[in-house]
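Colleague: I am new to this structure and would be grateful for a close look at a single part of it. Please take the salt bridges that link distant parts of the chain.

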Amino acid sequence: MSKYIIRGGNKIEGRLDIRGAKNAILPIIAATILNENKSTIHNVPDISDVYVMIKILESIGCKVDYKYGTLVVDSSNINSMEIDEEYVRKMRSSIIVMGAMIGRLDYTKISYPGGCAIGSRPIDLHLKALKQLGIRIEEESGFISCYKDKLVGNTITFEFPSVGATENTILAAVKAKGITKICNAAREPEIEDLQNFLNKMGAKIKGAGTSYIEIEGVDKLHEVEHAVIPDRIAIGTYMVASAMTGGKLEVDRVVVPHMEPICDKLRDVGCEIEYTKEGLILKSPKTIQAIDLVRTAPHPGFPTDMQAQLMALMTLANGTTVFYETIFENRFMHCAELIRLGANIKYITDNICMVKGVNSLHGAKVKSPDLRGGASLVLAALATKGETEVSNIYHVERGYENIENVLRNLGANIYKVEDIDKIKGY
Ligand code: EPZ
């Protein structure tokens with residue numbers, strides 16, 4: 001398995017200009033299935049999850065071209081109604097194509113995504129919403145078959161503001177007969193970006209970014225061009241890298257309301273953050289202040305996708321911080337690895353832990369447990385006095401484009417050791 005070798009101690013600072021948000025581009029790629037036309041999408045990050053979505057589109061007959069950050073999809077001809085199981089098992093968030101497929105076709109079949117490292121990741125809310133739109137759903141031997149006996153707008157209330165369920169419902173409702181009202185919708189910025197993309201192709205959606213979304217069904221959609229929003233989680237991750245190493249970071253492009261839940265916590269830690277014309281400047285704290293409680297919550301609360309990264313920072317704080325992970329049931333797997341680097345972390349329950357700051361971390365061999373957990377280990381390694389080896393970095397490469405080069409350009413002493421067997425082609 002490939003790994004990063006990181007020698008800590010350098011300041012991480014300079015200018016950061018990174019491409020669009022992973023969690024925006026994935027549903028937007030699914031949405032290209034709907035318009036039976038050409039979609040041109042700019043600012044697309046070069047990450048492995050994007051390639052899985054491209055493979056899914058090609059497997060059903062779409063023509064896809066992706067270079068220099070621009071993705072062009074021609075979905076005029078679909079020649080398969082079924083999504084190959086290997087893709088959904090490889091990337092569970094590909095379940096997002098289900099809504100788009102049944103929005104366009106009379107039938108589709110897709111494998112249950114199954115769980116992943118951070119949780120069981122059920123899709124009951126997705127399926128309940130599709131049924132409320134008139135879709136007949138049959139579940140058998142790990143597969144879901146959707147039949148569009150009818151597709152009629154309805155009022156749908158989520159008992160939990162699920163991001164994926166909100167997105168799948170929007171995608172299925174774009175061409176439904178009548179109006180669909182979603183109550184207690186997820187408010188994440190990536191859903192707003194999906195709405196803007198769909199409206200540019202001729203959909204009629206309003207309210208994304210709030211907990212009430214209305215979709216008026218339309219018959220025809222047309223070609224579209226769009227640029228994906230900046231990745232608030234990737235930007236937050238690099239901001240923590242600078243905060244942990246005494247650096248100063250200038251970020252070229254941000255959307256202020258998307259960044260505020262993260263910046264609010266970084267200010268509590270002692271960072272100085274100033275918004276510029278299009279971006280922001282972060283100055284590191286002299287001393288990293290502990291925060292009494294970090295509790296993750298749906299947007300605009302503190303994002304669960306930044307919990308592991310903030311925890312890396314708090315391992316060096318001047319006090320104790322309690323972390324309460326409320327979104328996923330198993331999102332503390334980075335704790336054991338951070339402890340190998342010298343962190344002082346005590347589990348209170350499965351989703352509450354206490355991080356007591358230490359003066360310094362030391363190098364060690366650690367394993368990425370998942371995407372954001374892996375990122376937190378890279379951050380901790382940058383702040384250690386010594387050399388750290390982070391393995392299983394395929395997790396990290398799912399969501400961070402070229403992270404070793406981005407960090408090296410910001411002053412990090414990091415290099416990637418490719419999996420020798422992969423190079424030899426075993
Ligand atoms: C999206 O996942 C993101 N992924 C996740 O980012 C993010 O952590 C999550 O939203 C929360 O913000 C993408 O956008 C591709 P949910 P999603 O449905 O849609 C429960 C990352 O690191 N739930 O809001 O799967 C579920 O078990 C990834 O970039 C049900 O119970 O998140 C979980 O506890 C990780 N039934 C909670 O809701 C359902 O039908 C949040 O899930 C659906 C969800």
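Modeller: What follows is an account of three such salt bridges and their surroundings. The model is predicted, and the structure holds 18 salt bridges.

Asp 17 and Arg 253 form one of them, with their closest N and O atoms 2.7 Å apart. Asp 17 belongs to the loop between β2 and α1, while Arg 253 belongs to the loop between β14 and α9, so this pair ties together parts that are 236 residues apart in sequence. Asp 17 is partly exposed, at 48% relative accessible area, and Arg 253 is partly exposed at 31%.

The loop between β2 and α1 also holds Arg 19. Arg 19 forms a salt bridge with Glu 401, where the closest N and O atoms are 2.5 Å apart. Because Glu 401 sits in the loop between α13 and α14, the pair ties together parts that lie 382 residues apart in sequence. Arg 19 is partly exposed, with a relative accessible area of 28%, and Glu 401 is partly exposed with 22%.

Arg 398 meets Asp 49 in a salt bridge of 2.8 Å, N to O. Here Arg 398 lies in the loop between α13 and α14 and Asp 49 in helix α2 (residues 48-59), 349 residues apart. Arg 398 is partly exposed, with a relative accessible area of 25%, whereas Asp 49 is buried, with 2%. Through salt bridges that share partners, Lys 22, Asp 49 and Arg 398 are joined into one network.

Terms used. Residues are numbered from 1 along each chain as its sequence is written. This is a predicted model: local features need pLDDT of at least 70, side-chain atom pairs count only at pLDDT 80 or more; totals for chains, interfaces and linings use all residues. Side-chain values use heavy atoms; hydrogens and water are left out. A salt bridge is a side-chain nitrogen of Lys or Arg within 4 Å of a carboxyl oxygen of Asp or Glu. Helices (H or I, at least four residues) and strands (E, at least two) are DSSP runs, numbered from the N terminus. Buried means under 20% relative accessible area, exposed over 50%, partly exposed in between (1.4 Å probe, protein chains only).
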